[in-house]
Amino acid sequence: MKTRRTVFDDNVVPLPRASGVDAKLVCSKLITHHDEQLVLCAKLEELADELPELSDTQFCLQLAKCIHPMICAAHEYEEKTLFPMLMSLDGVDENLKATTERLRYEHWEDESFADEVADALIRFVTDKASSNAETLAYMLRGFFEGLRRHIAFEREHIVPILCKQQAAG
Ligand SMILES: [Fe+2]
């Protein structure tokens with residue numbers, strides 16, 4: 001029977017191969033979603049830097065409309081495919097379980113924040129008189145900085161696990 005090491009310790013006895021989703025495919029999709037979200041963050045940062053003026057209100061509205069769907073699509077993939085795969089790995093430990101729970105919670109926070117940011121952007125374009133540019137800039141920065149931290153963590157701690165799986169496969 002084909003065996004491999006656990007993903008967490010290079011010095012342990014090889015364990016039976018776990019069945020599961022293709023780590024290479026999951027890793028590739030995770031990174032694609034990350035890259036899309038990082039582009040979104042860069043665009044939101046451009047907007048925040050422009051405030052209180054906005055040179056392209058249509059761009060702002062289009063961006064507002066794509067924030068929530070993009071974030072949710074990435075989270076859905078992670079929660080329905082990536083996290084179950086991680087939980088099925090040989091040698092899964094309490095740390096990784098706790099990490100995925102925390103990431104899941106951050107998803108929930110980011111989705112909720114994404115809605116607020118999108119609404120605030122739309123309101124700024126359609127009803128500028130009742131909007132506050134400083135508040136909007138603060139919200140935008142809070143959102144994209146949090147999202148970047150989440151992605152950086154997944155790149156540093158989750159992607160290497162998937163790479164090990166590929167190497168072991
Ligand atoms: Fe995530």
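Helices (H or I, at least four residues) and strands (E, at least two) are DSSP runs, numbered from the N terminus. The following exercises use these labels on a predicted model.

**Exercise on the overall layout**

Determine how many helices and strands the chain has, and in which order they run.

*Solution.* Begin with the inventory: the chain contains four helices and two strands. Next, read from the N terminus; the order is β-β-α-α-α-α. Then consider burial: of the 169 residues, 21% are buried. Finally, turn to the contacts with a separation of 6 or more: 76% of them join residues 24 or more positions apart.

**Exercise on the loop between α1 and α2**

State where Pro-52 lies, and whether the peptide bond that leads to Pro-52 from Leu-51 is cis or trans.

*Solution.* First locate the residue: Pro-52 belongs to the loop between α1 and α2. Then inspect the omega angle of the bond from Leu-51 to Pro-52, which is near 15 degrees. This peptide bond is cis.

**Exercise on helix α1 and its packing with α2**

Describe the extent of α1, identify its buried residues, and classify how α1 is oriented towards α2.

*Solution.* Start with length. The 28 residues of α1 reach 41 Å from the first C-alpha to the last; the expected value at 1.5 Å a residue is 40 Å, and the two are close.

Next, list the buried positions of α1: Ala-23, Val-26, Leu-30, His-33, Gln-37, Leu-40, Leu-44 and Leu-47. Residues three or four places apart on an α-helix point the same way, because there are 3.6 residues a turn. The cover over the buried residues of α1 includes α2 and α4.

Now compare directions. The axes of α1 (residues 23–50) and α2 (residues 57–87) come within 10 Å and cross at roughly 155 degrees. Angles over 145 degrees count as roughly antiparallel, and therefore α1 is roughly antiparallel to α2. Their crossing is left-handed.

Lastly, examine the contact itself. Among the α1 residues that take part are Val-26, Leu-30, Leu-40 and Leu-47; the α2 side includes Leu-63, Ile-67, Met-70 and Tyr-77. By class, the contact comprises 14 nonpolar, three polar and four charged residues.

**Exercise on helix α3 and its two partners**

Check the span of α3 against expectation, then characterise its packing with α2 and with α4.

*Solution.* The end C-alpha atoms of α3 are 48 Å apart, in agreement with the 48 Å that its 33 residues should span at 1.5 Å a residue. Its buried residues are Leu-103, Asp-110, Ala-114, Val-117, Ala-118, Leu-121 and Phe-124, and these pack against α2 and α4.

Take α2 as the first partner. Helices α2 and α3 pack at an angle of about 170 degrees with their axes 9 Å apart, which means that α2 is roughly antiparallel to α3. By class, this contact has 17 nonpolar, five polar and five charged residues. The crossing of α2 and α3 is left-handed.

Proceed to α4. The axes of α3 (residues 94–126) and α4 (residues 133–168) come within 10 Å, crossing at roughly 150 degrees; α3 is therefore roughly antiparallel to α4. This crossing, too, is left-handed. The contact includes Phe-113, Ala-114 and Val-117 from α3, and Leu-140, Phe-143 and Leu-147 from α4. By class, ten nonpolar, four polar and three charged residues form the contact of α3 with α4.

**Exercise on two individual residues**

Decide whether Phe-143 is buried or exposed, do likewise for His-34, and list the contacts of each beyond four places in sequence.

*Solution.* Consider Phe-143, a residue of helix α4. The cut-off for a buried residue is 20 or more other C-beta atoms within 10 Å; Phe-143 has 23 such neighbours, and so counts as buried. Beyond four places in sequence, Phe-143 touches Leu-44, Phe-113, Ala-114 and Val-117. The C-alpha atoms of Phe-143 and Cys-41 are 8.4 Å apart, although 102 residues separate them in sequence.

Turn to His-34, found in helix α1. With 19 other C-beta atoms within 10 Å, His-34 is partly exposed. Its contacts beyond four places in sequence are Ile-151, Glu-154 and Arg-155. The C-alpha atoms of His-34 and Leu-147 are separated by 9.5 Å in space and by 113 residues along the chain.

Notes: Residues numbered from 1 in each chain as written. Predicted model: local features only at pLDDT ≥ 70, side-chain atom pairs only at ≥ 80, totals over all residues. Buried ≥ 20, exposed ≤ 12 C-beta atoms within 10 Å, placed from the backbone. Contact = placed C-beta atoms within 7 Å. Axes fitted to C-alpha atoms, helices over the stretch in contact; angles between N-to-C directions. Parallel < 35°, antiparallel > 145°, perpendicular 65-115°, else oblique. Left-handed = near helix turned anticlockwise from the far one by under 90°. Nonpolar A, V, L, I, M, F, W, Y, C, P; charged D, E, K, R; others polar. Expected span 1.5 Å × (residues − 1).
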